[in-house]
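Visitor: I am new to this structure and would like to learn how to read it. Could you take me through some features, one by one?

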Amino acid sequence: MAEKLKIIPLGGLNEIGKNITVLEYGKDMIVVDCGVGFPEDDMYGVDLVIPDFTYLVKNQQKLRDFFITHGHEDHIGSLPYALQQVYAPVHVTPMTGGLIRLKLEEHGLADQVELVTHKPGDIVKAGCFQIEFIHVNHSIADAVCFCITTPVGKIIMTGDFKIDPTAEGGMMDLARLGALGNEGVLALLCDSTNVERAGYTPSELVVAESLDRQFKSCDQRIIVTTFASNMHRIQAVLQTAHRYGKKVAVTGRSMENMLKVATELNYLHVPANTIVDISAIKTLPRDKVVIVSTGSQGENMSALYRMAFSTHKQVDIQPGDRIIISASAIPGNEKAVSKIINELYRKGAEVVYEKSEGLHVSGHACQEELKIIQALTKPKFFIPVHGEQRHLQIHGKLAKLMGMNPKNIFISDIGQVLELSSRTCKPGGTVPAGKVLVDGTGVGDVGSVVLRDRKHLAQDGMLVVCVNLSSEDGSILTGPDIITRGFVYVKESEYLMEDLRLIAIDSIERCQRKHIRDWATIKSTIKGDLSSYLFKTTKRNPMILPVIMEI
């Protein structure tokens with residue numbers, strides 16, 4: 001039988017973020033993107049969510065190269081974790097490479113990984129694959145999509161994109177996509193993030209004009225928060241501040257890193273004498289100061305959060321400050337953003353964040369742009385990617401409206417293998433895939449059992465029963481002592497504590513009468529009796545931990 005091309009998403013389907021896709025043919029395999037996801041509300045203490053790299057480790061001998069579309073966290077964030085388990089060169093554009101290098105340095109991998117830099121139009125050979133870099137517009141510089149020529153046909157993977165005719169660096173290379181469409185495209189894997197929105201995504205110019213209005217009408221200090229990766233937005237802030245004779249200070253580690261990389265690579269052009277150190281702002285008139293800050297998503301450790309809650313070392317929010325939030329809240333972050341906005345208002349600041357102000361535009365294509373890509377590439381098969389189930393389904397319907405045969409539209413899932421020949425596409429089994437949780441320096445040591453326990457502790461608290469038993473006859477020597485955390489306030493629940501102590505004594509004595517000396521059985525008895533009593537009297541179900549010491 002002829003070999004089939006396997007397309008295997010290990011992330012990025014039925015979820016937002018964690019984008020990573022494997023292409024495999026025979027003895028060759030490449031990986032496109034390697035991103036992180038962000039913890040959900042019930043993932044207590046978890047810092048990051050990364051893909052399961054089991055399949056890559058198992059097939060290390062086939063792995064040729066990583067190819068990265070752009071430098072956002074959901075496309076590069078898990079690369080250091082992958083490169084600790086497997087090795088392959090990483091192919092990037094300059095800006096993306098600069099950001100990845102910073103990550104590799106943090107993980108002590110900078111000298112161990114080969115980063116190969118390319119520009120749009122370059123073609124790279126990796127085993128039986130040939131990968132062409134194609135310029136696209138996005139909310140970060142140097143974003144590309146890929147045309148991957150395989151033994152069975154051409155695969156186009158758009159990465160994240162929008163069509164912006166006025167973008168700095170030029171409009172997305174639609175001409176090249178059209179030419180590829182005329183040559184014949186076997187499959188299109190297309191970004192679905194904004195598929196629910198009709199029309200076209202507005203240009204970054206809209207934001208630049210809005211910022212100009214905000215700066216022109218303000219005679220107070222201005223604080224702008226936005227995504228650190230959006231260099232176009234930061235460039236607009238710098239130019240607008242310079243136009244009105246204001247100085248710009250930057251705060252927030254990711255913002256400072258991004259500024260450093262973008263300036264070194266000449267993607268950011270800083271007007272002369274515009275940027276000042278954050279420590280110098282106290283010597284300047286308030287109406288001449290602009291602060292660019294991280295924290296547009298309400299992150300607890302971000303600069304804006306620390307300003308709002310008076311823990312920032314250099315900046316205190318003052319009445320009259322104009323805070324411009326030039327970003328929209330990522331789904332799930334709305335509460336955190338609202339918390340900061342409320343605190344800023346409490347301090348007397350003016351907060352400008354309404355969408356009607358035109359202070360943010362998306363970096364993802366809306367329906368009409370998605371239709372244009374579909375029409376230009378004319379793929380035989382269509383596979384929507386980058387989105388939750390509703391995004392993928394709606395994108396599939398959009399392709400159907402464009403005249404695509406429903407049998408040629410595939411709504412896949414992570415771990416699901418799609419096998420393609422030059423004429424067919426069909427599911428071909430599954431591979432290991434899922435979520436690996438990162439908590440501090442621990443990778444994968446927080447699993448479903450640990451999360452369940454953390455959720456239990458967060459919802460109901462904990463109760464510890466400590467008792468010393470005689471090693472001779474199992475009788476109680478001291479205790480039991482009841483210690484609680486997150487369950488009840490002990491000083492106001494002394495009767496309940498005494499009841500629990502008496503029940504624990506009864507449980508131990510019952511085991512003693514039955515001549516039970518097995519600790520596991522005694523612990524289980526104490527736990528069962530206390531749990532039944534607590535649920536009956538309080539309708540609560542705390543975690544109960546009996547601790548027995550034999551003396």
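Guide: We can start at a single residue. H515, just after helix α14, takes a positive phi of about 60°. Keep in mind throughout that the model is predicted.

Visitor: How many residues does α14 have, and what distance does it reach from its first C-alpha to its last?

Guide: Helix α14 covers residues 494-513, which is 20 residues. Its first and last C-alpha atoms are 29 Å apart, close to the 28 Å expected at 1.5 Å a residue.

Visitor: How do I read which way the residues of a helix point?

Guide: The general idea is that an α-helix has 3.6 residues a turn, so residues three or four places apart point the same way. In α14 the buried residues are L496, M497, L500, I503, A504, I505, S507, I508 and C511.

Visitor: What covers the buried residues of α14?

Guide: The cover includes two strands, β23 (462-469) and β24 (476-485), together with helix α15 (519-538).

Visitor: Now the strands. In what order do the six strands of the open sheet stand?

Guide: The order is β8-β9-β10-β11-β12-β18, and the pairing is mixed. At the edges stand β8 (123-126) and β18 (379-385); each has a single partner strand, so one side of each is left without a neighbour in the sheet. On average, neighbouring strands here are turned by 20° against each other, direction ignored.

Visitor: How many bridges join β12 to β18, and do the two run parallel or antiparallel?

Guide: β12 (residues 185-191) and β18 run parallel, joined by six bridges. To find one of the paired positions, look at C190, whose bridge partner in β18 is P384.

Visitor: Which helices pack on this sheet?

Guide: One is α11 (residues 367-377), which touches β11, β12 and β18. Its direction makes about 170° with that of β12. Another is α5 (residues 174-183), which lies across β9 (129-135), β10 (144-150), β11 (153-157) and β12. Helix α5 runs at about 145° to β9.

Visitor: What can I expect of side chains along a strand?

Guide: In a regular strand the side chains alternate between the two faces of the sheet. For another strand to look at, take β1 (residues 5-11), where six of the seven residues are buried.

Visitor: Which strands pair with β1?

Guide: β1 pairs with β19 (residues 416-420) in the antiparallel sense over three bridges. β1 also pairs with β2 (residues 20-25), again antiparallel, over five bridges. You can locate the pairings by residue: I7 has L418 of β19 as its bridge partner, and K6 has E24 of β2.

Visitor: What is the idea behind a salt bridge?

Guide: Side chains of opposite charge can pair when their charged atoms come close. A search of the whole structure finds 23 salt bridges. One of them joins D122 and K119, with the closest N and O atoms 3.5 Å apart. K119 counts as exposed because its relative accessibility is 54%, and the cut-off for exposed is over 50%.

Visitor: Where in the chain do R390 and E196 lie, and how far apart are they in residues?

Guide: Their side chains meet in a salt bridge at 2.9 Å, N to O. R390 is in helix α12 (residues 389-401) and E196 in the loop between β12 and α6 (204-216), so the pair links distant parts of the chain, 194 residues apart. Both residues are partly exposed, R390 with a relative accessible area of 42% and E196 at 41%.

Visitor: Are E350 and R322 buried, exposed or partly exposed?

Guide: E350 is partly exposed, with a relative accessible area of 36%, whereas R322 counts as buried at 8% relative accessibility. Their side chains meet in a salt bridge of 3.1 Å, N to O. The pair links strand β17 (residues 350-352), which holds E350, to strand β16 (residues 322-325), which holds R322. Elsewhere, salt bridges that share partners join E132, K154, R176 and E183 into one network.

Visitor: What is R233 in contact with?

Guide: R233 lies in helix α7 (residues 231-243) and counts as buried at 1% relative accessibility. Its side chain makes a polar contact of 2.7 Å with the side chain of E204. Leaving aside neighbours within four places in sequence, the residues in contact with R233 are E204, V207, L211, T226, S326, L359, H360 and V361.

Key
Residues numbered from 1 in each chain as written. Predicted model: local features only at pLDDT ≥ 70, side-chain atom pairs only at ≥ 80, totals over all residues. Heavy atoms only, no water. Pairing = 2+ DSSP bridges. Helix = DSSP H or I, 4+ residues; strand = E, 2+ residues; numbered from the N terminus. Axes fitted to C-alpha atoms, helices over the stretch in contact; angles between N-to-C directions. Contact = heavy atoms within 4.5 Å. Expected span 1.5 Å × (residues − 1). Buried < 20%, exposed > 50% of the residue type's maximum accessible area, 1.4 Å probe, protein only. Salt bridge = Lys/Arg side-chain N within 4 Å of Asp/Glu carboxyl O. Polar contact = N/O pair within 3.5 Å; in protein donor to acceptor, adjacent residues only side chain to side chain.
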